[in-house]
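Here's a quick briefing to read with the model open beside you. Grab a coffee and follow along.

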Amino acid sequence: MSLVDALADTSETLERALVAAMDDGGLPVPIRTIVDPAATPAAWLPWLAAHESVNLWFGDWSEARKRLVVTNAPLDAHYIGTRAGSIRYLAYVDGTLVDAVAYPTRFVLGRAVIGRTPINHPPFLARYLVKVETSTPPRALVLSRGVLGRARLKTPSREPFDRCLAAIRVAKAPETEVRVDFGVYRRLRLSDAPCLDAGYRLDSFIARSKL
């Protein structure tokens, strides 16, 4: 049964014409398929992302990730402004939230670092420790292995960092300031009580789990 058939017998001609125009039963365009993130053609995904108000989008994402982002858009919007929202959006750019501190918070002796831990911190401020994989460009100069004149000095691409920052900007509340630290490794200290027999040296690096 079409929408026109569902109208009351007292419906006016104009009403029937409007309903018939909005009924996609006879249209050659499969509206229900196009608005379904799992079934829409790949070429329609950017359009559907705009329709669902997706604010984080990169054209070189895989088709599967694009469909996932569009599918999750309504739920992701619900978490904007929360730590869970940052975790969700960072996952789209292969980032991991290792630790987070939201201010105001107490100054804790033993964890605070003079010169790095703010005391008179402003409200609506958060600090994130984020881990993301980076890659070194091909033919980069490696110390003790490079040959002058044949190798060029290159630095790892900042693209993973920039994408993580973009994800956090989308996930945070407008009034919140987020400061991001990507230094997920630090030098080993004597206070870590390392087991030197396990191959650790004092100049070794270990993973950070706290800011």
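Before we start, a contact here means heavy atoms within 4.5 Å. This is a predicted model, where local features need pLDDT of at least 70 and side-chain atom pairs count only at pLDDT 80 or more, while totals for chains, interfaces and linings use all residues. Residues are numbered from 1 along each chain as its sequence is written, and side-chain values use heavy atoms, with hydrogens and water left out.

**The overall picture**

- The protein chain has six helices and five strands; helices (H or I, at least four residues) and strands (E, at least two) are DSSP runs, numbered from the N terminus.
- Reading from the N terminus, the order is α-α-α-α-α-β-β-α-β-β-β.
- Out of 211 residues in the protein chain, 27% are buried, where buried means under 20% relative accessible area, exposed means over 50%, and partly exposed is in between (1.4 Å probe, protein chains only).
- The protein chain exposes about 14,800 Å², and carbon and sulfur atoms supply 57% of that; the areas come from the Shrake-Rupley method with a 1.4 Å probe, and for residues only the protein chains shown count as cover.
- If you take the contacts in the protein chain with a separation of 6 or more, 51% of them are between residues 24 or more positions apart.

**Around helix α4**

- Arg67 sits in helix α4 and counts as buried because its relative accessibility is 16%.
- Which residues does Arg67 contact, leaving aside its neighbours within four places in sequence? They are Pro37, Ala38, Ala39, Thr40, Pro41, Ala42 and Leu45.
- Val70 is also in helix α4 (residues 63-78), and with just 1% relative accessibility it counts as buried.
- Setting aside residues up to four places away in sequence, Val70 touches Pro37, Leu45, Leu48, Ala49, Glu52, Val54 and Trp57.
- From C-alpha to C-alpha, Val70 and Ser53 are 8.8 Å apart in space, with their positions 17 residues apart in sequence.

**Salt bridges**

- Side chains of opposite charge can pair when their charged atoms come close.
- The whole structure holds eight salt bridges, each one a side-chain nitrogen of Lys or Arg within 4 Å of a carboxyl oxygen of Asp or Glu.
- Asp60 pairs with Arg163, and their closest N and O atoms are 2.8 Å apart. Asp60 is in the loop between α3 and α4 while Arg163 is in helix α6, so this pair ties together parts that are 103 residues apart in sequence.
- The two partners differ in cover: Asp60 is exposed at 55% relative accessibility, whereas Arg163 is buried at 15%.
- Asp60 and Arg163 also belong to a salt-bridge network with Glu159.
- Glu63 and Arg67 form a salt bridge at 2.7 Å, N to O. They are four residues apart in helix α4, so about one helical turn separates them.
- Glu63 is partly exposed, at 42% relative accessible area.
- Asp94 and Arg65 join up in a salt bridge too (3.1 Å, N to O). That pair links distant parts of the chain, with Asp94 in the loop between α5 and β1 (95-103) and Arg65 in helix α4, 29 residues apart.
- Arg65 counts as partly exposed, with 24% relative accessibility.

**Where α5 meets α6**

- The axes of helix α5 (residues 83-92) and helix α6 (residues 159-171) come within 8 Å and cross at roughly 145 degrees; these axes are lines fitted to C-alpha atoms, for helices over the stretch in contact, and angles run from 0 to 180 degrees between N-to-C directions.
- On the α5 side, the residues at the meeting are Gly85, Ser86, Tyr89 and Leu90, and on the α6 side they are Cys164, Ala167, Ile168, Val170 and Ala171.

**Loops and surface**

- Ile31, Val35, Trp44 and Trp47 make a nonpolar surface patch of about 360 Å². Patches are made of residues with over 30% relative accessible area and no salt bridge, joining like charges within 9 Å and nonpolar side chains (Val, Leu, Ile, Met, Phe, Trp, Tyr) within 5 Å.
- Val35, one of the patch residues, lies in the loop between α2 (31-34) and α3 (45-51) and is partly exposed at 37% relative accessibility.
- Ser135 is in the loop between β2 (125-132) and α6, partly exposed with a relative accessible area of 48%.
- Not counting residues up to four places away in sequence, Ser135 touches Pro156 and Ser157. Ser135 and Ser157 are 22 residues apart in sequence and 6.6 Å apart in space, C-alpha to C-alpha.
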